[in-house]
Amino acid sequence: MTAVNDRPDTTWHNPLRDKRDKRMPRIAGPCGVVIFGVTGDLARKKLMPAIYDLANRGLLPASFALVGFARRDWEDEDFGQVVYDAVRQHARTPFRQEVWDRLAEGIRFVQGTFDDDTAFTRLAETLDKLDIERGTGGNHAFYLSIPPNAFPVVCEQLRKSGLAKPRDGRWSRVVIEKPFGHDLGSARELNSVVNSVFPEESVFRIDHYLGKETVQNILALRFANALYEPIWNNNYVDHVQITMAEDIGLGGRAGYYDGIGAARDVIQNHLLQLLALTALEEPVSFSPHELQTEKIKILSAVKLAEPLDETTARGQYAAGWQGGEKVVGLLDEEGFAKDSTTETYAAITLEVNTRRWAGVPFYLRTGKRLGRRVTEIALVFKRAPHLPFDATMTEELGQNALVIRVQPDEGITLRFGSKVPGSAMEVRDVNMDFSYGSAFAEDSPEAYERLILDVLLGEPSLFPVNEEVELSWEILDPVLEYWAQHGKPEPYESGTWGPPSADAMLRRTGREWRRP
């Protein structure tokens, strides 16, 4: 029997696919996606538009179906309208009626609650019908865009209804959004529950940062070039700064964020994954197993620098000015208690105990209401061992740095010293920039496009396995326990770069945070 994705006439054809898409060349086979939590912002702003964009690029088969599951009293047409509105508002590719019409033919909705056995029976019946009507082949991905406390009951319902166990060479996969637990114990419990229903190779934990083109470019930068890898070690690197800063506040997000905080929300997943990709050794190949093996080795070697009162910092944004607008502090945001101790800024110092990185501190920081929105990885190099210049010639010269800009201005900056034009010998810092936007004519795929396609292809390279998740919590848990026992987070003015304790954290070793 010929596979559907081997027949050129079974995929959506459109002008966007007239030329082979070298960025995402593989087409998913017959399958369906079931989204739990279709009424949430993530589904509306990211998942549904990403599915349409994949279809518009010709990367989904004609034998595709999208099923929504929620408590709403909707018919298929009602859910179809929700998807249509989300696509028109948030899709990145141009709207094409013929693509939408083909996608809409496979849209279905199942009404029910997570603890309703009959609802999951209806879901199983709906998927069986789609296998016949749409030719989805019994291949199903279940996307849990729901709170983590609902993961166990949904997984159990998928097991009881027979949906978790594929038949005769077909596949069933589960996609889990962060947070993966709130500490090591809960993460292990969650992994145990999920793996009791789905084998680990069928579990896809979404960390959308790993789908970003610039994050994947870390590996290309390091291992495709002879220029950087020889200096990517403690002989030349003084320290590494990994920053995820946001300029927005938390108004309206108290239900999710209060009690979670910046460290759990960002450091445990995004920043530790960026650290692993920055610090790992060259894998034997870029197969999923080899890449995950090297990431696990690095996370196993990561240790907290101590004492924690000097090597960590946490803060909570207070009122201030952001973008010319007066903004309130966290304690005055809707839904937050006046005595909330949830941190909106977190910074930690880590050591990587390998021969390559011994003695090089890794500084990780994240925060809300900071100076600007930016995510970057900065390798700051040691100063030249000898400068044959007078002090006045190099007084404006800083340390060389290689900065990987993850967002929003994706690219790479190399900072180095250059002579200032003129008769005097004066050296100051200059930047050499590479920008994705100007170097390539084609836009990078949105992270969720890449990740959803990888789920449908069964390609796990960009998804953390349970051992990575647990190692990340092992690193972070002592910090969270220490903070819980030592007072409240330090206030910092909105629009600044965090609390004074964060600056003091680096100044103790004669270093300073970058101001992106």
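Here is a walk through this protein, from its overall build down to a handful of residues.

Keep in mind from the start that you're looking at a predicted model. Taken as a whole, the protein has 15 helices and 18 strands. Its radius of gyration is 25 Å, close to the 24 Å that the globule rule gives for 516 residues, so the protein is as compact as a globular protein of that length. If you lay the C-alpha trace along its principal axes, the spans come to about 80 × 55 × 45 Å.

How much of the chain is tucked away? Of the 516 residues, 55% count as buried. Take the contacts between residues at least 6 apart in sequence: 78% of them join residues at least 24 apart. On the outside, the protein exposes about 22800 Å², and carbon and sulfur atoms supply 49% of that area. As for charge, there are 60 positive and 76 negative ones, and the mean positions of the two groups are 3 Å apart.

Now for what the UniProt record says. In an unreviewed entry, it has the annotation "domain: Glucose-6-phosphate dehydrogenase NAD-binding" covering residues 34-217. That span is 46% helix and 16% strand, and its end C-alpha atoms lie 31 Å apart.

The same kind of record, again unreviewed, places a "binding site" feature at R71 and K178. Start with R71, in the loop between β2 (64-70) and α2 (76-90). Is R71 buried or exposed? Its relative accessibility is 67%, and the cut-off for exposed is over 50%, so R71 counts as exposed. Leaving out residues up to four places away in sequence, R71 touches Q111, G112 and T113.

K178 also sits in a loop, this one between β5 (172-177) and α6 (184-197). With a relative accessible area of 19%, K178 falls under the 20% cut-off, so it is buried. Beyond residues up to four places away in sequence, K178 touches I206, Y256, D265, N269 and H270.

That last name is a good one to follow. UniProt, in an unreviewed entry, places the feature "active site" at H270. You'll find H270 in helix α9, which runs over residues 261-279. H270 is buried, with a relative accessible area of 3%. Which residues does H270 touch, not counting residues up to four places away in sequence? They are K178, D207, H208, Y209, M244 and D265. So K178, from the "binding site" annotation, is in contact with H270, from the "active site" annotation, as the contact list of H270 shows. D265 is in contact with H270 and also with K178.

Next, head further along the chain to helix α13, residues 447-457. Nine of its eleven residues are buried, so the helix is largely enclosed by the rest of the structure. Those buried residues are A447, Y448, E449, L451, I452, L453, D454, V455 and L456. What do they pack against? Their partners are the strands β1 (31-36), β2, β4 (140-144), β5 and β6 (203-206), together with the helix α1 (41-56). You've met two of these strands already: β2 comes before the loop with R71, and β5 comes before the loop with K178. Right after α13 comes G458, whose phi is positive, near 70°.

One residue of α13 to pick out is D454. D454 is buried, with a relative accessible area of 2%. Setting aside residues up to four places away in sequence, D454 touches R26, F204, E459, L462 and F463.

Two more stops round off the tour. T126 is found in helix α4, residues 117-133. T126 is buried, with a relative accessible area of 17%. Apart from residues up to four places away in sequence, T126 touches R108 and V110.

Finally, R515 lies in the segment after α15 (500-507). With a relative accessibility of 44%, R515 counts as partly exposed. Its contacts, leaving aside neighbours within four places in sequence, are R365, W497 and D503. R515 and W497 are 18 residues apart along the chain, and their C-alpha atoms are separated by 7.9 Å.

Conventions:
Residues numbered from 1 in each chain as written. Predicted model: local features only at pLDDT ≥ 70, side-chain atom pairs only at ≥ 80, totals over all residues. Heavy atoms only, no water. Helix = DSSP H or I, 4+ residues; strand = E, 2+ residues; numbered from the N terminus. Rg over C-alpha atoms; globule rule 2.2 N^0.38 Å. Buried < 20%, exposed > 50% of the residue type's maximum accessible area, 1.4 Å probe, protein only. Contact = heavy atoms within 4.5 Å. Areas by Shrake-Rupley, 256 points an atom, 1.4 Å probe, with all protein chains shown as cover. Lys, Arg positive; Asp, Glu negative; His and termini not counted. Charge placed at Lys NZ, Arg CZ, Asp CG, Glu CD. UniProt positions renumbered as here; feature names shortened; annotations may be inferred.
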